[in-house]
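Me: I am new to this structure and would be grateful for a close look at a single part of it. Please take one pair of packed helices and then place that pair in its surroundings.

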Amino acid sequence: MPRFHALANPARFLKIARPLTPALFWAGVVLIAFGAWAGLTQTPPDFLQRDSVRIMYIHVPTAWLGMGGWTGIAVSSLVFLVWRHPLAGIAARAIALPGAVFAALCLVTGSIWGRPTWGTWWQWDGRLTSMLLLFFVYLGYMALARADADRGGDGRIPALYGVAGSVLLPIIRYSVVWWNSLHQGPSIGLTGSTIDPSILWPLWFTLAGFSLFFSGVVLMRMRAILAVAKAEARMRRMAAKDWVGA
């Protein structure tokens, strides 16, 4: 626990985050570029879906990070509520915007993939509808966190919302198992994959790349939030000093 709380010191956290942010960001960019190139040029078309399957290399990572982002918010919120770790609340706020962006990209790429595969841009099935709900939950969290900060709240209400919103995650994950729909069932699991290895392998590069890119963006946003808080604290001290001097 002492090591866990050691990162509550912003200076100690920033000492680690400053070199780590560009390393994660640019490593992610390189892996994304390689995976996208390999997926477009080095893999055969699918037997049934032909070249439309190549959007998988973007769609699957965005879906993974749309859900993973909210997992990060839920865990950070829980840490904040239980241990009052100050950086946990900042981490949740930093994750919200990129998580919402990846959830939106998941919906957009899924619709593009669905048009030639299903013959429709949208289908109100369990997977698509629950993912759309998650996107709106992201928007709600960001609005609630901003309102809480504006009124000088202690962050507990957004944290409770962050934990409660995690109920959507198992629904999204198992929706294709629980309800019959146009959406295909799970293709990748702990025991293997139904996707041919000749098509699958670039996905691991884009999946790792987007994950590293996401992590770099989150660290960047955490540093920005801390910088704003530090500047505001300095301005308050200067204002108080001027008031006392007057």
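Reply: In this predicted model, the axes of α3 and α5 come within 11 Å of each other and cross at roughly 40°. That angle makes α3 oblique to α5. The crossing in which α3 passes α5 is left-handed. On the side of α3, the contact is made by Ala63, Leu65, Gly66, Met67, Gly69, Trp70 and Ile73. On the side of α5, the residues that take part are Met131, Leu134, Val137, Tyr138 and Tyr141. Two packed helices are described by the angle between their axes and the distance between the axes.

Several of these names return in the interior of the protein. The largest nonpolar core has 40 residues, and Trp70, Ile73, Met131 and Leu134 are among those with the most contacts inside it, together with Phe13 and Met222. Both α3 (56-83) and α5 (126-150) belong to the elements that give two or more residues to this core; the others are α2 (10-41), α4 (86-118), α7 (168-178) and α8 (197-245). With twelve residues, α4 gives the most. In soluble globular proteins, nonpolar side chains tend to be buried together.

Met222 shows how distant parts of the sequence meet. Its neighbours within four places in sequence aside, Met222 is in contact with Phe13, Leu87, Ile90, Ala91 and Ala94. Apart from the largest core lies another, of nine residues, including Val53, Ile55, Ile199 and Leu200.

The loops offer a further view. Arg84 has its place in the loop between α3 and α4. Phi of Arg84 is near 55°, a positive value in a residue that is not glycine. Most residues other than glycine have a negative phi. Arg84 counts as partly exposed because its relative accessible area is 40%, which falls between the limits of 20% for buried and 50% for exposed.

Val167 lies in another loop, the one between α6 and α7. Its relative accessibility is 53%, so Val167 counts as exposed. Along the chain, Val167 and Ala74 are 93 residues apart, yet their C-alpha atoms are separated by 9.9 Å.

Finally, a word on confidence. The mean pLDDT of the protein is 87, and 86% of its residues reach 70 or more. Confidence is lowest in helix α1 (residues 2-6), with a mean of 56, and highest in helix α6 (residues 156-164), at 96.

Definitions and conventions: Residues numbered from 1 in each chain as written. Predicted model: local features only at pLDDT ≥ 70, side-chain atom pairs only at ≥ 80, totals over all residues. Heavy atoms only, no water. Core = buried A, V, L, I, M, F, W, Y, C linked by side-chain atoms within 4.5 Å. Buried < 20%, exposed > 50% of the residue type's maximum accessible area, 1.4 Å probe, protein only. Helix = DSSP H or I, 4+ residues; strand = E, 2+ residues; numbered from the N terminus. Contact = heavy atoms within 4.5 Å. pLDDT = per-residue confidence, 0-100. Axes fitted to C-alpha atoms, helices over the stretch in contact; angles between N-to-C directions. Parallel < 35°, antiparallel > 145°, perpendicular 65-115°, else oblique. Left-handed = near helix turned anticlockwise from the far one by under 90°.
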